[in-house]
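Me: I have a protein model open on my screen and would like to understand the words used to describe it. Could you take me through them?

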Amino acid sequence: MMLYYLIILMCGILFGCGLTISNMVNANKILNFLDITGNWDPSLLFVMLGAVLVTWIGYRYILKSKQPLLTEKFYFSQKKFIDINLIVGSAIFGIGWGLSGYCPGPAITALGLGIMDAFYFAAGMIISLLLFYFIAIVKKDF
Amino acid sequence: MENFTPISALIGGAMIGLSAVLLLWVSGRIAGISGIFHGLLPARSNDFLWRIIFLIGLIIGSQSYWFIPQIHFIPRHNYSILLLVVSGFLVGFGTKISGGCTSGHGVCGIARMSPRSFLATIVFLVFGFITVYLLKHVWKF
C-alpha cells in the first residue's frame, strides 16, 4: 500500500517535472501555440509528440498483461462511440483553454510556482467540480 | 517561429509519457489530469487518496524549475481575474463532459489509438485556435 502511493507520488512528480521542463506551465507559451496566425510557437506539438511516442510504446507492452501490477483492473472509458458530449465538451474545453492558455495539468503544476493566474484558474475549475458534485447529489448519482 | 524550444519540449513530453506509462502499469489508471481531478468528488473510498497524492506530485514536480535556469520565464500578470475564473470553469465543465483534456485525450487516448480521443483532440485544438485568434486579432484583448 505504501509502495503503491509512493509510486503514484513519483508519477505525479515526473508528470509535473515534464510540464515544467517543457514550459507548459507558462500560459503565454501555450497562447503562442494557439496563436496560429501570429508568431507561432509549435513547441506544444513536440511535447505531445514526445509524450505520445513514449506512452504508445509503453501502453503496448503493458496491455499485454491481464491486470496492472498493484490494482485489480485497468480503468478505461467504456465509451466506444463518438457522441455529442465528446464534441461539445471538447469545444467548450478548447474555448476555455484559449481564454487563458491553461489546462488542468499545467495549471495545477503552476500552483507550485506561486503563479497567481493559476490560482484563479483553479478556482474556476473547483467551481465546476462543485457544480457537478451538486448535480450528482441531487440526482443521487453515486 | 519565435521561442521554439523543440528539445526541452521533447524531453518534457517524454517525461510525461513515462509518468503515464508508469501510472497505467502500476495502477491501471489513465494519466488524464482532468479525469483525476473530477474524480475527487464525490469522494469514493479507495479512490480518493491516490488522486490527491498524484496532484500533490504535480506541484512538487514544479520545483524542478529552480534547478534549470534555461526554462525560467516571467509569469503573466495583470490578466483579467474574471477571465481566468471563467476559463477555469469552462475547462472544468468541458473536460467533464468530454471525458478528457490534453493529457487524457491528447496523450493517453491518442496513444491508445482511440478514435474518440483523436476527434476530441482535434476539436479542442480547433476551438483553442479560434478562441485565441478572436481574442488576439479580432477583439485585440
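Reply: Happy to. Let me begin with a definition: a helix axis is a line fitted to C-alpha atoms over the stretch in contact, and the angle is taken between N-to-C directions. Please keep in mind that this is a predicted model.

Me: What makes helix α1 (residues 2–21) of chain A and α3(B) a packed pair, in terms of angle and distance?

Reply: Two packed helices are described by the angle between their axes and the distance between the axes. For α1(A) and α3(B), the angle is about 40° and the axes lie 6 Å apart.

Me: Why is the crossing of α1(A) and α3(B) called left-handed or right-handed?

Reply: The word depends on how the near helix is turned from the far one: clockwise, by less than a right angle, gives right-handed. The crossing of α1(A) with α3(B) is right-handed.

Me: Which residues of α1(A) and α3(B) meet there?

Reply: From α1(A) they include Tyr4(A), Ile8(A), Gly12(A) and Phe15(A), and from α3(B) they include Trp50(B), Phe54(B) and Gly57(B). By class, this contact has 14 nonpolar, five polar and no charged residues. Gly counts as polar here, so Gly12(A) and Gly57(B), both in the contact, belong to the polar class.

Me: How do you know whether Arg51(B) is buried or exposed?

Reply: Buried means under 20% relative accessible area. Arg51(B) has 6%, and therefore it is called buried. This arginine sits in helix α3 (residues 49–61) of chain B.

Me: What makes the link from Arg51(B) to Asp47(B) a polar contact?

Reply: The cut-off for such a pair of N or O atoms is 3.5 Å. The side chain of Arg51(B) reaches the backbone oxygen of Asp47(B) at 2.9 Å, so the pair falls within that limit. Farther along the sequence, Arg51(B) also touches residues including Arg29(B), Ile36(B) and Leu40(B).

Me: Why is Gly94(A) called buried?

Reply: Its relative accessible area is 0%, so Gly94(A) is buried, given that the limit is under 20%. Gly94(A) lies in helix α4 (residues 84–100) of chain A and touches Phe124(B), Phe127(B), Gly128(B) and Thr131(B).

Me: And chain B as a whole: how many helices and strands does chain B have?

Reply: Chain B has six helices and zero strands. Of its 141 residues, 54% are buried. Chain B exposes about 6400 Å², with carbon and sulfur atoms supplying 73% of that area.

How values were computed. Residues numbered from 1 in each chain as written. Chains lettered and ligands numbered in written order. Predicted model: local features only at pLDDT ≥ 70, side-chain atom pairs only at ≥ 80, totals over all residues. Heavy atoms only, no water. Helix = DSSP H or I, 4+ residues; strand = E, 2+ residues; numbered from the N terminus. Buried < 20%, exposed > 50% of the residue type's maximum accessible area, 1.4 Å probe, protein only. Polar contact = N/O pair within 3.5 Å; in protein donor to acceptor, adjacent residues only side chain to side chain. Contact = heavy atoms within 4.5 Å. Axes fitted to C-alpha atoms, helices over the stretch in contact; angles between N-to-C directions. Areas by Shrake-Rupley, 256 points an atom, 1.4 Å probe, with all protein chains shown as cover. Lists of a residue's contacts leave out its neighbours within four places in sequence.
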